[in-house]
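Me: I have a structure open here and want to talk it through. Can you walk me around it?

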2 protein chains.
Amino acid sequence: MSLQLNKSEKSDHLYMEVYHYYRDLIMEHKLLPGSKMPSLRKCAQELKLSRTTIENAYLQLAADGYIISKAQSGYYVTDIARSRQTSLSASKACKPDYFRYDFASSGVDRESFRFDLWRRYIKSALRQDERLLSYGEPQGEADFRQALAEYIRQRRNVLCSADDIVVGAGVQSLLHILCPLVQDKKTVSFPTPSFVQGSTVFQDYGFEVRYRNKDCGVIYVSPAHMTKWGEIMPVSRRLELIHYAAEHHSLIIEDDFENEFVYLQKPTPSLFSLAGGQGVVYIGSFSRLLLPSIRISFMVLPGSLKEAYLKKADRYNQTASKAEQIALCQFIRDGHLAAQTRKLKRLYSVKLKQLLAAVRTVFGADSRIRIGAAGTSLALTLTVPFTGKELQEKAKEQGLRIQLLREEPGEVTVILSCSSMPEKDFLPACSLLKDICSVS
Amino acid sequence: MSLQLNKSEKSDHLYMEVYHYYRDLIMEHKLLPGSKMPSLRKCAQELKLSRTTIENAYLQLAADGYIISKAQSGYYVTDIARSRQTSLSASKACKPDYFRYDFASSGVDRESFRFDLWRRYIKSALRQDERLLSYGEPQGEADFRQALAEYIRQRRNVLCSADDIVVGAGVQSLLHILCPLVQDKKTVSFPTPSFVQGSTVFQDYGFEVRYRNKDCGVIYVSPAHMTKWGEIMPVSRRLELIHYAAEHHSLIIEDDFENEFVYLQKPTPSLFSLAGGQGVVYIGSFSRLLLPSIRISFMVLPGSLKEAYLKKADRYNQTASKAEQIALCQFIRDGHLAAQTRKLKRLYSVKLKQLLAAVRTVFGADSRIRIGAAGTSLALTLTVPFTGKELQEKAKEQGLRIQLLREEPGEVTVILSCSSMPEKDFLPACSLLKDICSVS
């Protein structure tokens, strides 16, 4: 077995090289269906890599359908190479693009999350046999809602009781409960067309969706994430919005997305607290703070909506994992969520500054950059002789992933996110982007 | 400390006695807010009970808000007793009724689930750091859908590829994706009004809900669970339904709930397989096979609906826990789901027979019982001098929980489920029910 590994790559890219090595062997029929993969120990020895690296590669190969684990035996090659042409699912499994540099990820910084700690909390939750043997409370576990109520009171001045909180597996699950309650409002406004997950749910319930239009029955806003480059809504506009909505009997939905990552000033007060809990639904999520794969969000309902909800509460099953609710409850009580938030805020603040410096170094001091007071991204306008789609394709060929914001003839604005890219990649990734822009 | 424990109770009730003992001390202000609870070890010694029993009691007390754990320190009494009057949530937390005998639970038999095994699979899933650092696939994890496709092909002759499968956190989450796709069908039929979770979602999307009415745009059926006492739909009626629906361009939704628990005959073929995958959406769930707290369901979409879904797929976030999908995928591949199904089927078959025998012993050989070919329940008609609600209240006072099916003047029909009650309780629970019926 010979595998040329580029040892200068950071260790978290190593496992992808092992992954590609075996994937190619399997797809080129050099490793045949049914054949046994070398054991983790043996493979690690031969490649002179850590067992963990090999294990990560194997797990990814298994996840993508190239190999399969058999109990107490090991990993075996599947018949994916044979069925590739016929089965859509297999061809899809071959698709996962590997990006050397990913400016478009909304994942979290891989060093920032303490997996060991989270595993301990989940393990402890899984020991609560009695609780797991029954269905969860439709509204969310009572102790978890209690912990949430205390947490948002302390951090966002959102005063509510555990009874006002509804838990769900992501914002969409919450909107599926909320929309039917406010269906008579008929129109909804979103700040931009980019949050399709939100607008789709409203459309599904027959709402007319508009953008940046205060004259709607429902006004959906993310005050700490007004634009993709992190602009936040100033307090004066928050108060204006609250008064306007109250006058017109509109409901505000405040999605407090990324309020934790407001660096350049003190976090502004939540709309919910400014409005004294009247006419505002407050929504919070954890995917940017913990793991994107933890699907837990919650909403705080104001009085009138809460009454309407409670009449129907038993008709909606809880969607969020009970074990994860139990784990997160204790995680919050033990102060880890607050600590994790502080840590991420510090980390992203430093990373965003470094990314800004890297962009200025590569594209020059007069490069057209927009950057807000919050978030993990900046916007960069590039002068290029091709369209946005073309730029994106050319970048992809070079292993660089970027997100398009808008384009005009001769120029394209892209969003560069620092959240999951290691700092050392900022300069080479920016240089690569510049090279791509100058080749016609 | 003196606690009179009734040692004749089974060990899984012991922890509830410890729970009640401390709950009362706390609510009667004998244990004051902020005071430290005895350590698990010390408490176990003093009460001469196992550490696990004490731990279960403490965990339940914490879950209900009576005590709170502090990191590296122990458990402390909350101020729940003080805030009981003022806070709704606290009063709610006092509510958890403890039933000595529960005939109404849809939980699983507590001896049947191998927690140790499941914990191992979750632990292994939580080791896949890279996968958990990114958002899940909107449709559900690819390897999990592959495993599901193979599983239902083998067991239910449902032929589909992983691409036809959509995963969600419970049936409602699936209906939230499905309803908008078939909104033009306007009417839906359910077999009975009892599945409010299903009918509510359709109503929320503007559907008119009818019952047992084939002339609807959508026909929702559970062929292995036609009635609460386990009647199943015969093959002849299945074929009839398929032909009728095809002629009238109606869509059938086949909720294959409890098909695993068909004892008295060979499992009948799924509507999906009988219809050759045309015009039928197949839905499967795991809450009755594994843990009710695992919120994972899936649906198989027929060709035309799949195309419509794929156009919108990216607009719906996945609701099911990624870690639980990864764990369940491997659990299925290793054959544990098949083994668990066999085990439960055997167990429930025996238990249901014993429950039937107990009812006949207590209520006489001519008692009016209805029992089907599947499921975990029977229906019993009782002659009583009060209403169903009154009967239920009287039973509750005695620690007995029953589910009402219907009532007519002078008689009430109840549903008795054997699933989560230990066998040794069948006779005393039936005797208690008889005593309650004869007291006026």
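**Two chains, then the parts**

Reply: Start with the two copies. This is a predicted model. A turn of 180° and a shift of 0.0 Å along the axis lay chain B on chain A with an RMSD of 0.1 Å.

Me: What kind of axis relates the two copies?

Reply: They are related as by a two-fold rotation axis. The same surface serves both copies. Of the contact residues of chain B, 99% recur in chain A.

Me: OK, sheets. What is the strand order in the open sheet of 7 strands in chain A?

Reply: The order is 4-10-9-8-7-5-6, and the pairing is mixed.

Me: Which strands are at the edges?

Reply: Strand 4 (165-168) and strand 6 (208-211) of chain A. Each pairs on one side only. From one strand to the next, the twist averages 20°.

Me: How do strand 9 and strand 10 of chain A pair?

Reply: In the antiparallel sense, over 4 bridges. Strand 9 covers residues 280-285 and strand 10 covers residues 297-300. One bridge pairs A:Y282 with A:V300 in strand 10 of chain A.

Me: Let's hop to chain B. How many bridges join strand 4 to strand 10 there?

Reply: There are 4 bridges, and the two strands of chain B run antiparallel. B:V167 stands opposite B:F298 in strand 10 of chain B.

Me: Which residues lie on each face of strand 4 in chain B?

Reply: B:I165 and B:V167 are on one side, B:V166 and B:G168 on the other. All four are buried, and both faces of the strand are covered.

Me: Now the sheet of 4 strands in chain A. What is its order?

Reply: This open sheet runs 11-12-15-14, with antiparallel pairing. Strand 11 (368-370) and strand 14 (403-408) of chain A stand at the edges. Each has a single partner strand, so one side of each is left without a neighbour in the sheet. The twist averages 20° from one strand to the next.

Me: How many bridges do strand 12 and strand 15 of chain A share?

Reply: They pair over 7 bridges, in the antiparallel sense. The residue ranges are 377-383 for strand 12 and 411-417 for strand 15. A:L378 stands opposite A:L416 in strand 15 of chain A.

Me: Which helix lies across strand 12, strand 14 and strand 15 of chain A?

Reply: Helix 16 (residues 388-397) of chain A does. It runs at about 145° to strand 14 of chain A.

Me: Where is B:I369?

Reply: B:I369 sits in strand 11 (residues 368-370) of chain B.

Me: Is B:I369 buried or exposed?

Reply: Buried, with a relative accessible area of 19%. The cut-off for buried is under 20%.

Me: What does B:I369 contact, leaving aside its neighbours within four places in sequence?

Reply: B:L356, B:V359, B:R360, B:L378, B:A379 and B:L380. Take B:A379: B:I369 is 10 residues from it in sequence and 5.6 Å from it in space, C-alpha to C-alpha.

Me: Switching topic. How many disulfides are there?

Reply: The structure holds 0 over all chains. A:C216 is in no disulfide, and the nearest cysteine sulfur, that of A:C179, is 13 Å away. A:C216 is buried, with a relative accessible area of 2%.

Me: And in chain B, how far is B:C179 from the nearest cysteine sulfur?

Reply: It is 13 Å from that of B:C216, and B:C179 is in no disulfide. B:C179 is buried, with a relative accessible area of 0%.

Me: Helices next. What span should helix 8 of chain A have?

Reply: Helix 8 has 15 residues (142-156), and at 1.5 Å a residue they should span 21 Å. Its end C-alpha atoms are 20 Å apart, which agrees.

Me: Which residues of helix 8 in chain A are buried?

Reply: Among them are A:F144, A:L148, A:Y151 and A:I152. The charged-letter entries A:D143, A:R145 and A:R156 are buried too. A:N157 follows the helix, with a positive phi near 55°.

Me: How many residues of helix 10 in chain A are buried?

Reply: 7 of the 9 residues (196-204) are buried, so helix 10 of chain A is largely enclosed by the rest of the structure. The buried ones include A:Q197, A:V201, A:F202 and A:D204. Just after that helix, A:G206 takes a positive phi of about 90°.

Definitions and conventions. Residues are numbered from 1 along each chain as its sequence is written. Chains are lettered from A and ligands numbered from 1 in the order in which they are written. This is a predicted model: local features need pLDDT of at least 70, side-chain atom pairs count only at pLDDT 80 or more; totals for chains, interfaces and linings use all residues. Side-chain values use heavy atoms; hydrogens and water are left out. Copies are superposed by least squares on the C-alpha atoms of residues with pLDDT of at least 70 in both. Contact means heavy atoms within 4.5 Å. Two strands pair if DSSP finds at least two bridges between them. Axes are lines fitted to C-alpha atoms, for helices over the stretch in contact, and angles run from 0 to 180 degrees between N-to-C directions. A disulfide is a pair of cysteine sulfur atoms within 2.5 Å. Buried means under 20% relative accessible area, exposed over 50%, partly exposed in between (1.4 Å probe, protein chains only). The expected span of a helix is 1.5 Å times one less than its number of residues.
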